[in-house]
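Trainee: I'm new to this one and would like a close look at a single part of it. Could you take me through the aromatic rings and what surrounds them?

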Amino acid sequence: MDNRPIGVFDSGLGGLTVVKALRKILPNESILYFGDTARLPYGVKSEELVKQYSIQITKFLIQKDAKMIVVACNTATAMALKTLKNKFNNIPIMGVIEPGSKQAILNTKKKKIGVIGTIATINSNAYEKSIKGKDIKVDIISKACPLFVSFVEEGLFKGAAINEIAKHYLLSFNNKVDTLILGCTHYPLLKEVIFKNTQNIELIDSASSVANDTYKKLEKFRLLSGQDNVGSLNCYVTDLPMRFKELGNIFLGENIEDLHLINDF
């Protein structure tokens, strides 16, 4: 039994979709969430910069007594997960790409999977490597959708503008894949518009897969909190706390009560 919190981080609000899934599956676990709102989006940053930010945030969460780290950002998972595991090898660390890949392979019937994500995630080929490593016969089509994150961070989940952008990005997937991985934790908030602009394609939101894998890892390392522990949520941001709180409530489906602005990052 270990009542210390789980540390979760993302470039902004997107990782709250993972927090929501974690709180559903692991209600007794306390969570520390770090949204690097001053430096988003990560998807257009260099690999070295994303690694630097990820190391900095992981150190912060470990100093706050996190017992495990969940990298709830596809770009940081693609670019920095290996570095984080090597540097902080005394704590379990997991990302979002492996769970999403496993779920997509389980769900695809025609072995044709699409992946959408940030420029950095798509250019890293992380999903392709992960999927092909599990099933060489799967065909993969990937596409960067860089504008999606900006729309989500502005709270623009619906409307003519985002619909036109989605139509432009997603047209190439129709009749070519039967499963589409939402390869960015911001994208589940656009599920409705993405679904509207795809035909007969199942959408894979990796948040629930990540939560399930987190549970298994905590169980394996005997780090699960006690059944009498009341799971709390503390959020840390590097900029725009009120904006984060306002939109975060939508992402999370509950009010964010404990929010802290970190100025020295």
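Mentor: Let's start with the count: there are seven aromatic pairs here, and keep in mind that this is a predicted model. Take Phe148 and Tyr169, whose rings meet edge-to-face, with centres 5.1 Å apart and 80 degrees between the planes. Phe148 belongs to helix H7 and Tyr169 to helix H8, so to speak two distant parts of the chain linked across 21 residues. Are these two buried or exposed? Phe148 has a relative accessible area of 0%, so it is buried. Tyr169 comes in at 7%, which also counts as buried, because the cut-off for buried is under 20%.

A second edge-to-face pair is Phe157 with Phe251: here the centres are 6.3 Å apart and the planes make an angle of 70 degrees. Phe157 sits in the loop between H7 and H8, while Phe251 is in helix H11, so this pair ties together parts that lie 94 residues apart in sequence. Both Phe157 and Phe251 are buried. Elsewhere, Phe34, Phe60 and Tyr236 make up one aromatic cluster.

Now look at the helices that carry these rings. Tyr169 has company in H8, which runs over residues 160-170: Ile162, Asn163, Ile165, Ala166 and Leu170 are among its buried residues too. Looking down the axis of H8, you find the buried residues within an arc of 165 degrees, so they line one face of the helix. Ala160 and His168, on the other side of H8, are exposed. What do the buried residues of H8 pack against? Their partners are strands S5 (112-117), S6 (139-144) and S7 (179-183), along with helices H7 (147-153) and H9 (191-196).

Phe251 brings us to H11, residues 241-252. With twelve residues at 1.5 Å each, H11 should span 16 Å, and the 15 Å between its end C-alpha atoms agrees with that. The buried residues in H11 are Phe244, Leu247, Gly248, Phe251 and Leu252. These cover an arc of only 135 degrees around the axis, which puts them on the same side of H11. Covering them are, among others, helix H1 (16-25), H7, and the strands S2 (31-35), S9 (233-237) and S10 (258-261). Just after H11 comes Gly253, with a positive phi of about 75 degrees.

How does this fit with the nonpolar interior? In soluble globular proteins, nonpolar side chains tend to be buried together. In this model the largest nonpolar core has 53 residues, and Phe148 is one of those with the most contacts inside it, alongside Val8, Leu16, Ile116, Tyr187 and Ile194. Another core, of 24 residues, lies apart from it and includes Phe34, Tyr42, Cys73 and Leu81. Setting aside its neighbours within four places in sequence, Val8 is in contact with residues including Val19, Leu22, Tyr33, Phe34 and Ala72.

One last stop is Thr185, in the loop between S7 and H9. At 5% relative accessibility, Thr185 counts as buried. The side chain of Thr185 reaches the backbone oxygen of Ala72 at 3.0 Å. Beyond its neighbours within four places in sequence, the contacts of Thr185 include Asp10, Gly14, Thr17, Cys73 and Val96.

How values were computed: Residues are numbered from 1 along each chain as its sequence is written. Side-chain values use heavy atoms; hydrogens and water are left out. Buried means under 20% relative accessible area, exposed over 50%, partly exposed in between (1.4 Å probe, protein chains only). Helices (H or I, at least four residues) and strands (E, at least two) are DSSP runs, numbered from the N terminus. The arc is that of the directions from the helix axis to the C-beta atoms. Contact means heavy atoms within 4.5 Å. The expected span of a helix is 1.5 Å times one less than its number of residues. A nonpolar core is a set of buried Ala, Val, Leu, Ile, Met, Phe, Trp, Tyr and Cys residues joined through side-chain atoms within 4.5 Å. A polar contact is a pair of N or O atoms within 3.5 Å; within protein, one must be able to donate a hydrogen and the other to accept it, and residues adjacent in sequence count only if both atoms are side-chain atoms. Rings of Phe, Tyr and Trp (its six-membered ring) pair if their centres lie within 6.5 Å; planes under 30 degrees apart count as stacked, over 60 as edge-to-face and the rest as tilted.
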